[in-house]
Amino acid sequence: MTEPEGSRQPDAGRRRFLTGAAMSTLLLAPGVSLITYAAGRGATAGASSRVRWGLLIDANKCTDSCNACVTACSTTNGWKNLGRPTDPQWIRKVSLTDPESGITRSVPMLCQHCAEPPCVDVCPTGASFKRADGIVLVDRHICIGCRYCMLACPYKARSFVHEDVTDQEPNSPRGKGTVESCNLCAPRIDAGGIPACVEACARDGYGAMMFGDLNDPNSALRRQLAKYPAAQLRADLQLDPGVRYQGL
Amino acid sequence: MRDRLLIFAGLVVLVGLLTWPSWQGLLAREAASAPTPAVREGLTHCIRDTAWMRRHHMELLMHTRDDVVYRGIRDPNETIPGCMNCHLTRLADGSYPTVSSPQFFCNSCHSYAGVKTDCFSCHSNRPDPAAAGGAAQSVRVTAVASRETP
């Protein structure tokens, strides 16, 4: 019994195709492994656009004499401010006095993690960027140190590293020639924690800082925002900062 | 035409001399292999296959860099402090080698291959105490406090 020539030909063609496919899979397999990088063990889930991290600072609780948040940030992130005008300042204390009544309030000033960050708008290399969860960061791998972002920021939140840095904290790389600012302790947040300043304020200070999700109507932060009016600094600029102040 | 032997002998010597670097390379490869990076005692496995790491570790570094910086996906084993946890070995006096020291584990291969890196002008060359031990399943101890502050 012989099959007509025409009916065997497609089978042979299919077989050749399948063999070829198997061969190319063997060739491609090492390349495919490149895609599986991200599936590492014990990796954090990453930034989600469902949340927007923010801070609420209660000026009525914060005092002029306390510096706990600044100290904690400095230790955690390994920067030192020796009082020179060009020294780094991820967070600083500012005092505000009403000239009429003479009443004084002291609050921490840091990157406001704007929803519409002007530093991101002006960055020529794309090093300034906003993460999915609203944290504004500098990718110092591509920062060229032009400092446009420092000029654009109305809060003076950023600083430039002028000198060689040694003995950095393992989780907080910093280096000469790049701009840096508060990262809202992104490494700690990614690991499920809270920023070092908030932790220190509750432990050593007066509990004037609250960290939470601005998108979640049931978060402690949003409940507190609903209770008392809170101000955005330079609200006229419509940057929608993620750091809010009560009692100013 | 009487010098034919001499001419050909001379040509062979000339060609041999011109291709000497190649011969030298072939001979050297048999004699000595590339250096291997230092690793803490008692550890046998890297986060990937050793042969793969030798060729592709820089791609892994670049990939995890973008994951960490832009997407917040952090695997404590696959960060530069994670490398330090296993590969950084103490000197005789108990201190860690500096980045420029030949004992620093990156330098053993990088000086051999003539490749310069600038990772450590920003990154710390110390192990991360929060991810110590190589099998860093624990997140930063100080950071596990509840997110809801009163």
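Which residue in β10(A) does Ala230(A) stand opposite? The partner of Ala230(A) is Gln246(A). The structure is a predicted model, and chain A has an average pLDDT of 88, with 83% of the residues at 70 or above. The points below cover confidence, the make-up of chain A, one of its sheets, the nonpolar cores and a helix of chain B.

**Confidence in chain A**
- Residues 1-7 of chain A stay under a pLDDT of 50, and the model gives this stretch one contact beyond four places in sequence.
- Residues 30-41 of chain A also stay under 50, and for them the model has nine contacts beyond four places in sequence.
- Predicted coordinates should not be read in detail where pLDDT is low.

**Make-up of chain A**
- Chain A contains seven helices and 10 strands.
- It has 248 residues, of which 37% count as buried.
- Among contacts in chain A with a separation of 6 or more, 61% link residues 24 or more positions apart.

**The four-stranded sheet**
- Four strands of chain A form an open sheet in the order β8-β1-β10-β9, and the pairing is mixed.
- Strands β8 (209-213) and β9 (230-231) of chain A are the edges, each pairing on one side only.
- β9(A) and β10(A) (residues 243-246) run antiparallel and are joined by two bridges.
- Within this pair of strands, Ala230(A) faces Gln246(A) across from it in β10(A).

**Nonpolar cores**
- The largest nonpolar core has 49 residues. The members that touch the most others are Ile57(A), Cys69(A), Cys73(A), Ile91(A), Cys197(A), Cys201(A) and Met209(A).
- Elements of chain A that give two or more residues to this core include the strands β1 (53-58), β3 (104-110), β5 (136-138), β8 and β10. The helices α2 (68-77), α5 (186-190) and α6 (196-203) of chain A do so as well.
- Leaving aside residues up to four places away in sequence, Ile91(A) touches Cys69(A), Val70(A), Cys73(A), Pro108(A), Met109(A), Leu110(A), Cys182(A) and Cys197(A).
- Another core, of seven residues, lies apart from the largest one, and its members include Cys83(B), Met84(B), Cys86(B) and Phe104(B).
- Nonpolar side chains tend to be buried together in soluble globular proteins.

**Helix α1 of chain B**
- Helix α1(B) covers residues 4-18, which makes 15 residues. From its first C-alpha to its last it reaches 21 Å, close to the 21 Å expected at 1.5 Å a residue.
- The number of buried residues among the 15 of α1(B) is zero, so the helix lies largely in the open.

Key
Residues numbered from 1 in each chain as written. Chains lettered and ligands numbered in written order. Predicted model: local features only at pLDDT ≥ 70, side-chain atom pairs only at ≥ 80, totals over all residues. Expected span 1.5 Å × (residues − 1). Buried ≥ 20, exposed ≤ 12 C-beta atoms within 10 Å, placed from the backbone. Pairing = 2+ DSSP bridges. pLDDT = per-residue confidence, 0-100. Contact = placed C-beta atoms within 7 Å. Core = buried A, V, L, I, M, F, W, Y, C linked by C-beta atoms within 7 Å.
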